[in-house]
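Work through the exercises below with the sequence and the model side by side. Try each task before reading its solution.

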Amino acid sequence: MQNSMSSLLTKFGHWSFSSLIARELTRLFGSMREKEEFGLLSRPHYAYGLLRAADTAKYFGISEVTCCEFGVAHGAGLENMCNLSSMISAETGIKMHIYGFDTGVGIPDGLTYKDHPEMWIPGDFSMGDTDSLQKKMNGRASIIFGNIEDTISGFVRTLTETAPVGFIAIDVDIYSGTKAALRLFDATNPKLYLPATSIYFDDIIFYYSNRWCGELAAIEEFNFEHEWRKIDIDRSLPSDRAIHSSPFYKQMYAAHILDHPLRHNLYKRESMDIPLHHKYMSKKKM
């Protein structure tokens, strides 16, 4: 009993009593959007990224988006992405195309100091039975097997303006895999992406994380190497969300497509008053 109470205090100690009541009421009766804000949907970081992609696409009159998970392992995250995308599509009307990337055999050989060998070894997070996982996806997601360095260029060539990239989750653990995954943004046509594309980085908040190794190093190098594509933290979090502190907030970034035509031409819409401006800049509808 004492351990359970301690666990609850650790989890909710920063919450007020009224916030806890609001959270429980939302869990029981809330809409999909309200549950997302309270972190009540499975994998809240995926829910946030997918909803952000859908809302951004809808704002710009785009009806479909492409979403990717790099690092599938046993497929729990990819299945969750599929389930969430169904809910979000029903809410927003935006169709989502889901893709997973994985070697199928876990972390590859050839790790250097940048790949955090103090944490990972080749073979970690092996997928196991690939056929069963594909059957489990049942056409809801496509899985691209192989080293990302070898598969990403071919995938980029299949991207279309009809379904630009809107959200990606990177959970490959190592620098080299992340570096390869970020080549997703190397296409010369900026319309293959939303003007700002949400990204979740899984492995950037443990003790050994630093800007010279792992996913953080890949981000640093990407920004250095690209003039018109930049990756930065998602500066809209937490804003006025129902939950003001959540670990995944630190893991949400955005790829800014600075050469996108929508960033160089005035977007045609009605004038905005101050309240609508604050809503626009903070969270929900864009």
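## Exercise 1: Placing E64

E64 lies in strand β1 (strands are DSSP runs of E, at least two residues; helices are runs of H or I, at least four; both are numbered from the N terminus). This is a predicted model: local features need pLDDT of at least 70, side-chain atom pairs count only at pLDDT 80 or more, and totals for chains, interfaces and linings use all residues. Residues are numbered from 1 along each chain as its sequence is written, and side-chain values use heavy atoms, with hydrogens and water left out.

**Task.** Find which residues E64 is in contact with, leaving aside its neighbours within four places in sequence.

**Solution.** Contact means heavy atoms within 4.5 Å. E64 meets I94, K95 and H97, and also T162, A163 and P164. Next, take V165: 101 residues separate it from E64 along the chain, yet their C-alpha atoms are 9.1 Å apart.

## Exercise 2: The sheet

**Task.** Give the strand order of the open sheet, then its edges.

**Solution.** Start with the order: β3-β2-β1-β4-β5-β7-β6, seven strands with mixed pairing. Strands pair if DSSP finds at least two bridges between them. The edges are β3 (141-145) and β6 (229-233), each pairing on one side only. On average, neighbouring strands are turned by 20° against each other, direction ignored (axes are lines fitted to C-alpha atoms, for helices over the stretch in contact; angles run from 0 to 180 degrees between N-to-C directions).

Now look at one pair. β4 (residues 165-170) and β5 (residues 193-201) run in the parallel sense over five bridges. A169 has Y200 in β5 as its bridge partner.

Then add helices. α4 (residues 44-59) packs on the sheet and touches β1, β2, β4, β5 and β7; its direction makes about 180° with that of β5. α5 (residues 76-92) lies across β1, β2, β3 and β4, at about 170° to β2.

## Exercise 3: A salt bridge and two loops

**Task.** State how many salt bridges the structure holds, and where E36 and R241 sit.

**Solution.** The count is twelve. A salt bridge is a side-chain nitrogen of Lys or Arg within 4 Å of a carboxyl oxygen of Asp or Glu. One of them joins E36 and R241, at 2.8 Å from N to O. E36 is in helix α3 (residues 32-37) and R241 in the loop between β6 and β7, so the pair links parts of the chain 205 residues apart. Side chains of opposite charge can pair when their charged atoms come close.

The loop between β6 and β7 also holds P238. A cis peptide bond joins L237 and P238, with omega about -5°.

Last, check R43, in the loop between α3 and α4. R43 is not a glycine, but its phi is positive, about 55°.
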